[in-house]
Amino acid sequence: MAPRPLRLIYCHGGNRAAASVARECGWDVGSRSDKVIYDEARPLALLDIHWTRYDWRSHLAVASAEHPWMAAVPDLESHAHLRQCMEQAEDLAPHCTRLMLIPKAYDAIDLIPEVVGGTSVVLGYSVPTTYGGTSVPLWEFGQRPVHLLGGSPRAQKAVARYLNVVSLDGNMAWKIASRFTRSYAADGSHGGQDGQSIESGAPMEALRKSLMNLREFWATP
């Protein structure tokens, strides 16, 4: 069972209104480093990075300016990338309170230290979606602290039953709100439209409803 309380992070850079709604609903806010970071997102809880197309110097510069609670190192895709990953972690460590390393190579977790450059390490687990996912078996994570990256609320909770999850993020609530004016219920499901057109401003209200319900969803076993 995942420990409570979890740190819930709404990760959607470049959308000032959505960041404001997330704050009002009691969520922290995160952003990828290649997105616009508005004042409404500050202080930044998570500084994520594009998993394939990124500018490392730019990522470091944003981390230095924002000093987020947690900042991500690019995915560890193979053992051959371990040295580069550790060097990037050393570079990033002075600019955040937690480092997130994302192991996607089998048998690599035991090679990742718990502290890098004096900064505690959290392991990132990418919940499988069409965007990507972590294929490393859950048991390899042991009791290491884990951050869940993306995925639907129910998929996240299914994974959290087997991991020591300390925080999670996602923007699925915005996706269903902006595309379909739908919201998540307190059981993690989402149903039909909330009853208003997209032009009416309903997506932002659907987002608000989702984030409030999902706080309840994560507050219960």
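Me: Is D107 buried or exposed in this model?
Reply: The model is a predicted one. D107 sits in the loop between β5 (98–101) and β6 (115–116), and its phi is near 60°, a positive value in a residue other than glycine. Exposed means a relative accessible area over 50%. Because the relative accessible area of D107 is 57%, this residue is exposed.

Me: How does H67 count by relative accessibility?
Reply: H67 belongs to the loop between α2 (56–66) and β4 (70–72). Its phi is near 45°, a positive value in a residue other than glycine. The class between the buried limit of 20% and the exposed limit of 50% is called partly exposed. H67 has 42% relative accessibility and therefore counts as partly exposed.

Me: Is H50 buried or exposed?
Reply: H50 is placed in the loop between β3 and α2. Buried residues have under 20% relative accessible area. The relative accessible area of H50 is 7%, so H50 is buried.

Me: What distance separates the backbone nitrogen of R53 from a polar atom of the side chain of H50?
Reply: A polar contact requires a pair of N or O atoms within 3.5 Å. Here one partner is the backbone nitrogen of R53 and the other is a polar atom of the H50 side chain. The distance between these two atoms is 2.9 Å.

Me: Which peptide bond, with omega near -5°, is cis?
Reply: The residue to consider is P43, in the loop between β2 (28–32) and β3 (46–48). The bond leading into P43 has omega near -5° and is cis. The peptide bond in question runs from R42 to P43.

Me: Which helix gives the most residues to the largest nonpolar core?
Reply: The largest nonpolar core holds 72 residues, and those touching the most other members are L99, L101, L148, L207 and L211. The greatest contribution to this core, 7 residues, is made by the helix spanning residues 202–219, namely α6.

Me: Which residues does L207 touch, not counting those up to four places away in sequence?
Reply: L207 is one of the core residues that touch the most other members. With residues up to four places away in sequence set aside, the contacts of L207 are Y10, A18, V21, A173, W174 and A177.

Me: What is the volume of the largest cavity?
Reply: The count comes to 2 cavities of 30 Å³ or more. The elements that give two or more residues to the lining of the largest cavity are α4 (153–160), β9 (164–170), α5 (172–180) and α6. Its lining has 15 residues, with W27, P153, Q156, G170 and L214 nearest the centre. By class, these lining residues are 10 nonpolar, 4 polar and 1 charged. The volume of the largest cavity is about 120 Å³.

Me: Which element gives the most to the lining of the second largest cavity?
Reply: The second largest cavity holds about 50 Å³ of space. It is lined by 13 residues, of which H12, G13, G14, V36 and A41 are closest to its centre. At least two lining residues come from each of α1 (16–24) and β2. The most, 3 residues, come from β2.

Me: How many nonpolar residues are in the lining of the second largest cavity?
Reply: The lining includes 6 polar residues and 1 charged residue. The number of nonpolar residues in this lining is 6.

Terms used
Residues numbered from 1 in each chain as written. Predicted model: local features only at pLDDT ≥ 70, side-chain atom pairs only at ≥ 80, totals over all residues. Heavy atoms only, no water. Helix = DSSP H or I, 4+ residues; strand = E, 2+ residues; numbered from the N terminus. Buried < 20%, exposed > 50% of the residue type's maximum accessible area, 1.4 Å probe, protein only. Polar contact = N/O pair within 3.5 Å; in protein donor to acceptor, adjacent residues only side chain to side chain. Core = buried A, V, L, I, M, F, W, Y, C linked by side-chain atoms within 4.5 Å. Contact = heavy atoms within 4.5 Å. 1 Å grid on protein atoms, 1.4 Å probe; cavity = no way out; pocket = protein on both sides within 12 Å on 5 of 7 lines; lining within 4 Å. Points joined across faces, edges and corners; volume = space filled by probe spheres on them. Nonpolar A, V, L, I, M, F, W, Y, C, P; charged D, E, K, R; others polar.
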